[in-house]
Amino acid sequence: MISQNKFVCIHGHFYQPPRENAWLEVIEVQDSAHPYHDWNERITAECYEPNATSRILDESRIIKNIVNNYARISFNFGPTLLSWMELYAPETYAAILEADKQSLINFGGHGSAVAQVYNHIIMPLANTRDKETQILWGIRDFEYRFKRKPEGMWLAETAVDTETLEVLAENAIKFTILAPRQAKAVRKMGTTEWTAVHDRTVNTTKAYRCNLPTGKSIIVFFYEGDISQGIAFNGLLNDGKRFAERLVSTFNKDDKGPQLVHVATDGETYGHHHKHGEMALAFCLDDIEKGKEATLTNYAQFLELCPPEEEAQIVEDSSWSCVHGVERWRENCGCNSGKPGYHQLWRKPLRAALDWLRDRVEVIFEQEGSKVVSDPWKARNAYINIVLKRSDDHIKRFLDDHALPDASPNRILRLMEMQRHAMLMYTSCGWFFDEISGIETTQVMQYACRVIQLVNQIGHPDLEPEFIKRLEEAPSNVAAYLTGAMVYKNVVLPSRTNLQRVGMHYAVASIFEDEPEALSVFNYTTSNDFFLKKEAGEQKLVLGLTKVKSIVTRSEKKFAFAVIYLGKHNIIGNISIEMQADDFASMQFRMVKSFEEGRLGDVIGLMQVYFGPEKYTIWQLFQDEKRKILDMISQESMNDLEQSLRKSYNRDYPLINALANNNIPIPLTYRTTFEYVLNADLIKIFRSDKINIKEMERIAAELEKWKFRIEDPDKLSRLAGDSIFRELQRISSEPDNVKRLQRLNRMFPVLQKFKLEPNLHKTQNFYFEFSVERSKKQMQEVDIEWDEQFKSLGKNLGVKLE
């Protein structure tokens with residue numbers, strides 16, 4: 001019989017800082033995350049998705065089951081991460097929401113998802129209004145996604161003070177989770193004597209009521225520190241069985257009362273920080289569930305079953321990742337990520353500069369906000385409803401509820417965005433790492449830059465000179481930057497965007513689009529009053545009258561543009577927001593005539609006449625579009641190069657064969673040519689709709705014969721994995737086509753010859769689901785050959801059919 005008073009709960013704090021460009025509201029390419037587009041995408045592939053489809057292996061290390069870990073643990077996801085995932089990883093996002101629904105069934109009507117303060121602000125360092133908004137936004141975001149009210153809330157870095165607990169309790173949050181060193185004293189309810197405790201003496205198997213000065217209270221859980229440390233840093237995830245044993249061996253045998261052994265770590269520990277950590281977690285959960293020593297639960301269910309019998313006091317201004325309290329986010333306290341020789345003297349002046357900006361902006365917000373909304377701070381708290389869904393309907397509802405008569409919607413939205421970014425600039429990761437020029441810190445400075453721009457746009461004096469002056473007090477470890485002021489000027493300011501820059505981006509990008517009328521620019525919409533494209537061989541000319549509108553603030557501008565493409569990466573563009581209709585018509589006639597007559601010099605001269613001397617080039621494009629266009633241009637050149645090399649390959653193959661047969665060394669130029677062509681052929685196979693096994697076998701034989709190598713095994717492994725997945729999808733739609741199965745099975749020995757290791761995660765998931773669906777169907781006739789081939793495919797994929 002399963003124990004009725006011994007419980008286990010594993011909590012994962014799944015979080016990434018907001019990485020979106022402050023103007024475009026998208027994450028731009030991050031090369032440090034290669035081969036993925038950005039770190040969100042990479043960590044989703046390595047952690048968030050694998051935990052939704054985690055493998056449990058048998059003794060032969062063959063997959064015997066695929067499970068959703070989230071349904072059996074306690075977890076929180078950062079709201080800004082979920083907002084990204086909703087758009088860019090919808091299957092994983094849906095699996096997380098579904099896991100919470102399943103956990104309601106698993107744990108007596110208590111969901112495992114826990115809310116989080118909105119954008120991971122260090123709450124003890126926030127002012128009261130920011131604390132309130134962070135908690136309210138976190139709750140509203142949770143309700144929007146999980147369709148229920150949260151019972152608990154995760155605090156960024158578990159950083160806590162009494163005021164934060166008061167705001168949590170005020171908003172009906174029942175519990176939060178803290179580190180053991182955040183416990184100050186405990187006592188039995190009904191007694192008066194407090195017992196001082198610390199991280200080694202607090203009993204972490206109990207829940208504690210924390211009574212607050214206002215008369216309210218909240219439950220706090222202090223997680224088990226040693227096991228949590230072992231999970232994160234000491235190899236406990238190397239063995240799922242040992243992980244389970246460590247948890248269930250922690251109960252106090254002398255304590256006959258209810259006990260909860262619970263741990264908390266960054267969720268990214270399970271797969272990103274520790275490869276296959278999600279599998280160790282899945283095995284651990286399975287082992288505990290099948291055993292009789294303890295019962296899996298979550299915090300909310302444990303509270304219902306075992307109400308607290310003790311009270312606790314917290315250590316004020318404490319956290320789980322700074323032994324000095326919360327100094328990591330405001331001082332050079334010695335806590336860092338370990339870059340040798342680096343100081344963090346920049347932390348204090350950076351926070352001081354942001355505090356100065358926040359306080360100045362609060363005054364402006366109250367002054368200007370009171371002119372356009374009934375209650376500026378109440379409106380800010382409600383603005384999360386627009387952030388969650390920027391639809392016309394949501395904006396109208398917000399304005400109906402808060403706007404004063406005849407107030408400008410654009411002005412109201414700018415004020416709200418000013419406050420949103422004034423909170424985003426306090427995201428904790430800005431101080432967590434070693435250097436002020438790091439991507440996390442420049443990100444928070446980018447949010448500050450957006451705040452300053454919005455202050456300017458509502459007609460207030462420029463705060464940027466004073467802000468930059470204050471950043472001069474923040475020393476950088478990098479000689480090229482010297483101070484935070486130079487980091488701001490060199491790294492942050494180039495990202496600053498306005499409607500004119502968006503317009504120029506549209507104008508340049510439209511040259512390469514087949515349907516430019518449908519081209520959107522991130523969180524801006526475009527609509528053409530006039531658009532004309534002319535082509536003459538490689539050269540192109542576009543002219544247009546276009547309106548650009550911000551989806552966020554509803555600001556809009558109309559502009560005229562002209563762009564000429566001279567081939568390769570040579571682009572010249574101009575833009576004007578003041579051109580009259582007659583001037584545009586005159587320009588159009590003269591430029592089109594010159595272009596059609598091949599007088600490109602005259603076209604460029606006319607651009608200067610009508611637009612002035614300022615020009616735009618490809619380098620003014622936003623990062624992703626710039627890379628996309630440069631890749632496209634490069635690929636055209638690479639195709640020309642490949643044709644040339646392939647011609648040499650076909651023409652000189654007999655000659656090279658003769659050299660090899662006579663043991664004459666093959667010239668390096670020929671080796672490089674042949675290797676390139678064979679690799680290109682292999683890429684084409686993996687990208688094609690049909691697997692050509694004979695062609696794969698030919699290439700394998702050629703590579704072996706000439707002792708050539710695979711040039712980019714990571715890229716080819718990814719392409720091979722995608723090819724296998726597509727083929728299995730086709731097989732599922734043609735369940736009687738045994739030849740497809742045979743062909744796919746023949747692919748695996750060839751891949752071994754190439755020494756490729758394709759990522760089979762998606763394919764294994766699909767195979768497992770397909771197998772379950774087939775087993776549910778009552779099939780009167782079974783194709784024995786098909787069934788054998790399908791089992792062989794399972795063996796090749798490492799999936800065992802029960």
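**Close-up 1. C9, a buried cysteine without a sulfur partner.** In this predicted model, C9 is buried, with a relative accessible area of 1%. A search of the whole structure turns up 0 disulfides. C9 is in no disulfide, and the nearest cysteine sulfur, which belongs to C284, is 12 Å away. C322 is another cysteine to look at: it is buried as well, at 1% relative accessible area. How far is the nearest cysteine sulfur from that of C322? The sulfur of C335 is 3.8 Å away, yet C322 is in no disulfide. Why doesn't that count as a disulfide? Because the two sulfur atoms would have to lie within 2.5 Å.

**Close-up 2. Strand 1 and strand 12, side by side.** Strand 1 and strand 12 run parallel and are joined by 8 bridges. To find a matching pair of residues, start at H13: its bridge partner in strand 12 is D266. Strand 12 covers residues 259-266, and 7 of its 8 residues are buried, so this strand is largely enclosed by the rest of the structure.

**Close-up 3. The loop after strand 1, with a cis peptide bond.** Between strand 1 (6-14) and helix 1 (39-52) there is a loop, and P35 lies in it. Take a look at the link between H34 and P35: it is a cis peptide bond, with omega at about 10°.

**Close-up 4. Helix 2 and its neighbours.** Which residues of helix 2 (residues 79-88) are buried? They are P79, T80, L81, L82, W84 and M85. There's plenty for them to pack against: strand 1, helix 1, strand 4 (74-77), helix 3, strand 5 (113-116) and helix 4 (128-146). One of these neighbours, helix 3, spans residues 90-106 and contains I105. Is I105 buried or exposed? With 63% relative accessibility, I105 counts as exposed. From I105 to A71 is 9.4 Å, C-alpha to C-alpha, while the two are 34 residues apart in sequence.

**Close-up 5. Aromatic rings and the charges over them.** Seen across the whole structure, there are 44 aromatic pairs. One cluster to pick out is linked by ring pairs and holds F14, Y48, Y70, F75, F77, F142 and F146. Charged side chains join in too. K147 puts its charged end over the ring of Y144, 5.2 Å from the ring centre. Elsewhere, R328 lies over the face of F432, at 3.6 Å from the centre of that ring.

**Close-up 6. An open sheet of 6 strands with mixed pairing.** Walk across this sheet and you meet the strands in the order 7-11-10-14-8-9. Which strands stand at the edges? Strand 7 (175-178) and strand 9 (195-196) do; each has a single partner strand, so one side of each is left without a neighbour in the sheet. Inside the sheet, strand 8 (residues 183-188) pairs with strand 14 (residues 310-314) in the antiparallel sense, over 5 bridges. Here K188 stands opposite E310 of strand 14. Helix 5 (residues 162-170) packs on the sheet and touches strand 7, strand 10 (207-211), strand 11 (217-222) and strand 14. The direction of helix 5 makes about 115° with that of strand 11.

**Close-up 7. Two residues with positive phi.** L482 isn't a glycine, but its phi is positive, at about 70°. You'll find L482 in the loop between helix 17 (464-471) and helix 18 (484-492), and it is exposed, with a relative accessible area of 54%. F522 also has a positive phi without being a glycine, with a value near 55°. F522 lies in the loop between helix 19 (499-509) and strand 15 (524-536). At 29% relative accessibility, F522 counts as partly exposed.

**Close-up 8. An open sheet of 4 strands with antiparallel pairing.** The strand order here is an easy one: 15-16-17-18. Strand 15 and strand 18 (570-576) are at the edges, and each has a single partner strand, so one side of each is left without a neighbour in the sheet. On average, neighbouring strands are turned by 15° against each other, direction ignored. How many bridges pair strand 15 with strand 16 (residues 539-550)? There are 12, in the antiparallel sense. Along this pairing, T525 stands opposite K549 in strand 16. Helix 20 (residues 581-596) lies across strand 15, strand 16 and strand 17 (556-567), and runs at about 150° to strand 16.

Conventions
Residues numbered from 1 in each chain as written. Predicted model: local features only at pLDDT ≥ 70, side-chain atom pairs only at ≥ 80, totals over all residues. Heavy atoms only, no water. Buried < 20%, exposed > 50% of the residue type's maximum accessible area, 1.4 Å probe, protein only. Contact = heavy atoms within 4.5 Å. Phe/Tyr/Trp six-rings, centres within 6.5 Å; stacked < 30°, edge-to-face > 60°. Lys NZ or Arg CZ within 6 Å of the ring centre and 35° of its normal. Pairing = 2+ DSSP bridges. Axes fitted to C-alpha atoms, helices over the stretch in contact; angles between N-to-C directions.
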